[in-house]
Amino acid sequence: MFAWSIATVCLGGTLESKLSAIAKAGFRAVELFENDLTFFNGRPSDVRRMADDLGLSIVALQPMRDFEGMPGAARLRNFERAERKFDLMDELGVNLLCLCSNVSPEAINDDRQAAADLAELADRAGARGLRIGYEALAWGTHIKDWMQAWHLVELADRPNLGLVLDSFHACVRGNPIAPMADLPGDKIALVQVADAPGLLMDALALSRHHRCFPGQGDLPVDAFIEACLATGYRGPVSLEIFNDQFRGALPGQIALDGMRALEACAERIAKTGRTPDIERLPGAHLPAPSTVSKVEFVEFATAGPEGDKLEAVLRGLGFQKVAQHRSKEVVLLRQNGVNIVINRERDGFAHSFYLVHGTSVCAMAFAVDHVDRTLDRANALGATTYHGRIGAGEATIPAVRGVEGSLIYLISDTPEGLGFWERDFVFEQSAQVGGPITGIDHLSNTVRRPEFFTWLTFYKAVLGFEDVPQVEVADPYGAFYSRCVRTPNRSVQIPLNVSDGGATVLARFLDATSGSGVQQIAFETPDLFSFVEKARSEGVTFLPIPDNYYADLAARYDLDPALLEQMRSLGILYDRSATGEFFHIYTESFDDRFFFEVLERRDYDLFGAANTPVRLVAQARSQDARRAIS
Ligand code: MG
């Protein structure tokens, strides 16, 4: 059965909820982990019926452990154990048993003995019409990689004995993948895929806790799948992920993330043209992602005095109120090409969002070259699309729902598409307004840790973003991780930020807003120094930066003392890369919720991560001071 598959071990919850989540995400094949069966309150035949009803084929039972090359009595016990597994497989209607290479310290280092054990196991299975798949674990006592496992399978030479190829074990020890393509396809029993971050840690710990879906880590999973299919193998390609965060999340979401990740794999592999049969798997024919030319607007949901306060902050940053919506309590603040929409409606989506999250970014709009195609792609990948309530004569702006209920509106980047501003809004002054801010550089999205990979896969698979390597810094109350997703043309950049620790600035944001969302909007300006001087005179308060920071800058860089003093007096932060310089500043946060950054890039390509700890400490200090007063 040539199909995408997923192992039940990837998901948290009961076996019933796992199977229904897996079927709902579009899978037709599943690997059953024996633990799930052990904890199931029913007979194996009930599981078989449940899978049948959901249209799921159980492609393997996992795992049999510590089998080959055992001495004396342990060896005999293993064969008895295997017969009991075969009984179970009969009841389940499962044909393939996955056997992991032996990790017992008692295992004998004798290939001939190990191969003879595999041969006998295969013969016993064969007598009952069953098959055995043998998999090298990277931490096996003697068999640690697929080449060694293949040697044993060849020695054993049984028609119903094949190899299980797992991308994690195949890649984690740095072994070459290309020679895998020379294996005979009919000797591959199962292909399992997992990604993992490039962390330098013990392979067992990395496998048990940090496996992730393809595209979420650093392993060459696409090349692995291509090599496996080059053998002629056309069986299930199955996700096998051990990840504590996945098991702690909703099984429906994780199953959907898994399918999205696999479909994105199929799409990438199909593009290479090297593996035509990939076209038979879901994902190979996804509508292409759109080109995003810019963030057309950012929309805040708010109400009452909070909305007035937000408008005042934005006016201090140089924005002007230019238009009022024709039928809604919605205003447009603009500066050059940057549009901020403030929504004070008392019903509808923005108001519901406000009731749950308070004053916050409820939507972003991307200007794209193909709206319908973007919606088709989102629908194909199981995303929810949305069409809001509109007034007579107003434009319909479709949207894709983000992970935590926020919306991403899609606007055609044609003059006709962008004409929605004039159709929906009454302009009180010229639509062309200048100011020091010239664009949105990035929007930082603070996310709950269990949802991090969901956001990552949403942006990458659904919207066609790419990601850049993760940055890790110390937070005064824990740790802070950031991984940026961006459009290939870099018109939209969204660092996804996660923290560990209950009192981190990010954790406080998640508490304050009851969930994930945009915590920071970074605007770009060609002249930060004059911007800050003007904004300070307009009453904008920026995050206070300690003098020690500037003493440290002086020690690290050969900076002009006058420039350094100017930065110190204005509270501007500085970073330097091999290519250029970076100047930036942060506003005080809005009710401990979100804040604005204004930055000036001088041939500098990064995000000033070196200054993130300074910012986090300063924000924590400001918050603590406010809480002490209130
Ligand atoms: Mg495996």
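Helices (H or I, at least four residues) and strands (E, at least two) are DSSP runs, numbered from the N terminus. The model is predicted: local features need pLDDT of at least 70, side-chain atom pairs count only at pLDDT 80 or more, and totals for chains, interfaces and linings use all residues. Residues are numbered from 1 along each chain as its sequence is written, and side-chain values use heavy atoms, with hydrogens and water left out.

**Exercise 1. Place alanine 3 in the structure and describe its surroundings.**

Step 1: Begin with the chain. Alanine 3 sits in the segment before strand 1.

Step 2: Look at accessibility, where buried means under 20% relative accessible area, exposed over 50% and partly exposed in between (1.4 Å probe, protein chains only). With a relative accessible area of 11%, alanine 3 is buried.

Step 3: List the contacts, meaning heavy atoms within 4.5 Å. Not counting residues up to four places away in sequence, alanine 3 touches Gly235, Pro236, Val237 and Leu281.

**Exercise 2. Trace the barrel and the helices that pack on it.**

Step 1: Follow the strands, remembering that two of them pair if DSSP finds at least two bridges between them. Eight strands close into a barrel in the order 1-2-3-4-5-6-7-8, with parallel pairing. From one strand to the next, the twist averages 30 degrees.

Step 2: Zoom in on one pair. Strand 1 (residues 4-7) and strand 2 (residues 29-33) run parallel and are joined by three bridges. Valine 30 in strand 2 is the bridge partner of isoleucine 6.

Step 3: Add two helices, using axes that are lines fitted to C-alpha atoms (for helices over the stretch in contact) and angles that run from 0 to 180 degrees between N-to-C directions. Helix 5 (residues 111-127) packs on the sheet and touches strand 4, strand 5 and strand 6, making about 150 degrees with the direction of strand 5. Helix 9 (residues 221-230) also packs on the sheet, and its direction makes about 165 degrees with that of strand 7.

**Exercise 3. Which residues coordinate the magnesium ion?**

Step 1: Find the donors, which are N, O and S atoms within 2.8 Å of the metal (3.2 Å for Na, K and Ca); water is not among the atoms, so sites may look incomplete. Glu135 (OE), Asp166 (OD), Gln192 (OE1) and Glu240 (OE) coordinate the ion at 2.1 to 2.2 Å.

Step 2: Read their spacing along the chain: E-x30-D-x25-Q-x47-E.

Step 3: Place two of them. Aspartate 166 lies in strand 6 and glutamate 240 in the loop between strand 8 and helix 10 (244-248), so the pair ties together parts that are 74 residues apart in sequence. Both aspartate 166 and glutamate 240 are buried.

**Exercise 4. Is arginine 483 buried or exposed, and what does its side chain reach?**

Step 1: Locate arginine 483 in strand 21 (residues 478-486). At 9% relative accessibility, arginine 483 counts as buried.

Step 2: Check polar contacts, which are pairs of N or O atoms within 3.5 Å; within protein, one must be able to donate a hydrogen and the other to accept it, and residues adjacent in sequence count only if both atoms are side-chain atoms. The arginine 483 side chain reaches the backbone oxygen of glutamine 216 at 2.8 Å. Another polar contact, of 2.7 Å, links the side chains of arginine 483 and aspartate 467.

Step 3: Turn to the partner strand. Strand 21 pairs with strand 22 in the antiparallel sense over eight bridges, and phenylalanine 480 stands opposite serine 499 in strand 22.
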